[in-house]
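Visitor: I am new to this structure and would like a close look at a single part, the sheet and what lies around it. Please take me through it with care.

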Amino acid sequence: MDEFLYRQIGAASRSQALVLMGDFNHPSICWRDNTAGHKQSRKFLEYIDDNLLQVIEEPKRRGAMLDLVLSNKEGLVGDVKLKGSLGCSDHEMVEFKIPRAVRRVHSKLTALDFRRADLGLFRDLLGRIPWDKALEGRGTQDSWLVFKGHLLQAQERCIPTKRKSGKNTKRPAWMNKELLDKVKHKKEAYKGWKQGQVAWEEYRETVRAARHQVRKGKAPIKLNLARHVKGNKKSFYRYVSDKMCPSMEEKCGPLWKETRDLVTQDMEKAEVPNDFFASVFTGKCSSHTT
């Protein structure tokens, strides 16, 4: 059992940052003098010295230090304090801090920037391709790969990309800095009211002011969506979709197969229209004359 524990600790000690705490039950170890009175405890002490650091310096539990805090890096654990016993337990509570450097995470995701896209050139490039010759004699899968290749080439030339910002994508279009400050002030007022530092009337007035500013910020967005709904239906339906609750989303119901069997599983329901399409697809291109 001890060998298994040592292997687990050895594997964990090679991680980037490790903090391990628990009752290891070695009362004969003196961590100040780095000595042990029993063979098993000496082995444990030697193993810890080779792989980890023990950060508690004060004895506990009637002079024997059983609960340990171990780390694999110097300075990873700090401000260790013994907080006394909890209830009738003869163990003491150990409080410590793990300093963490805050790093600013930059998004590496990219997306197509349709605002700067040259859609005229995009249509022109795809219109130059002799599709009848390009797809002649090809099956469905090969035709799709040919079409996809030409589409991606035109996309690369005509539609630039931009880096997605997690901060901006999570913020609604109507949320500006002024509204952000109002919402933050409302949250601070709520926290103060819960702690008894802000009166109820003051908190309610802060809520009303924030709600009024939010409504004023949303109004122009809704007005523009209503005015340009005929020319920009995509934005309108995206707004409606965002407003819908997840419970309102309709799922595809049961489907009948050609064999008159009722299909209820999602994977099988996806195959039903695919099978129907394959049954009526002939693979022949109809010629149109103008």
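Guide: Glutamine 54 stands opposite leucine 70, which belongs to strand 5; strands here, like helices, are DSSP runs numbered from the N terminus, with at least two residues (E) for a strand and at least four (H or I) for a helix. This is a predicted model, in which local features need pLDDT of at least 70 and side-chain atom pairs count only at pLDDT 80 or more, while totals for chains, interfaces and linings use all residues. Residues are numbered from 1 along each chain as its sequence is written, and side-chain values use heavy atoms, with hydrogens and water left out.

Strand 4 and strand 5 pair in the antiparallel sense over two bridges, and two strands are taken to pair if DSSP finds at least two bridges between them. The open sheet is formed by three strands in the order 1-5-4, with antiparallel pairing. Strand 1 (19–23) and strand 4 (53–54) stand at its edges and have a single partner strand each, so one side of each is left without a neighbour in the sheet.

Leucine 70 leads on to the nonpolar core, a set of buried Ala, Val, Leu, Ile, Met, Phe, Trp, Tyr and Cys residues joined through side-chain atoms within 4.5 Å; buried means under 20% relative accessible area, exposed over 50%, and partly exposed in between, with a 1.4 Å probe and protein chains only. The largest such core has 17 residues, of which Phe44, Leu52, Leu68 and Leu70 touch the most other members. At least two residues of this core are supplied by each of helix 1 (2–13), helix 2 (39–51) and strand 5 (67–71). Another core, of eight residues, lies apart from it and has Phe122, Leu126, Ile129 and Cys158 among its members. In soluble globular proteins, nonpolar side chains tend to be buried together.

Away from the sheet, Tyr190, Trp193, Trp200 and Tyr203 form one aromatic cluster. Rings of Phe, Tyr and Trp (its six-membered ring) pair if their centres lie within 6.5 Å, and planes under 30 degrees apart count as stacked, over 60 as edge-to-face and the rest as tilted. The structure holds eight aromatic pairs; in one of them, tyrosine 190 and tyrosine 203 have ring centres 5.7 Å apart and planes at 50°, so the pair is tilted. Tyrosine 190 counts as partly exposed at 39% relative accessibility, whereas tyrosine 203, at 12%, counts as buried.
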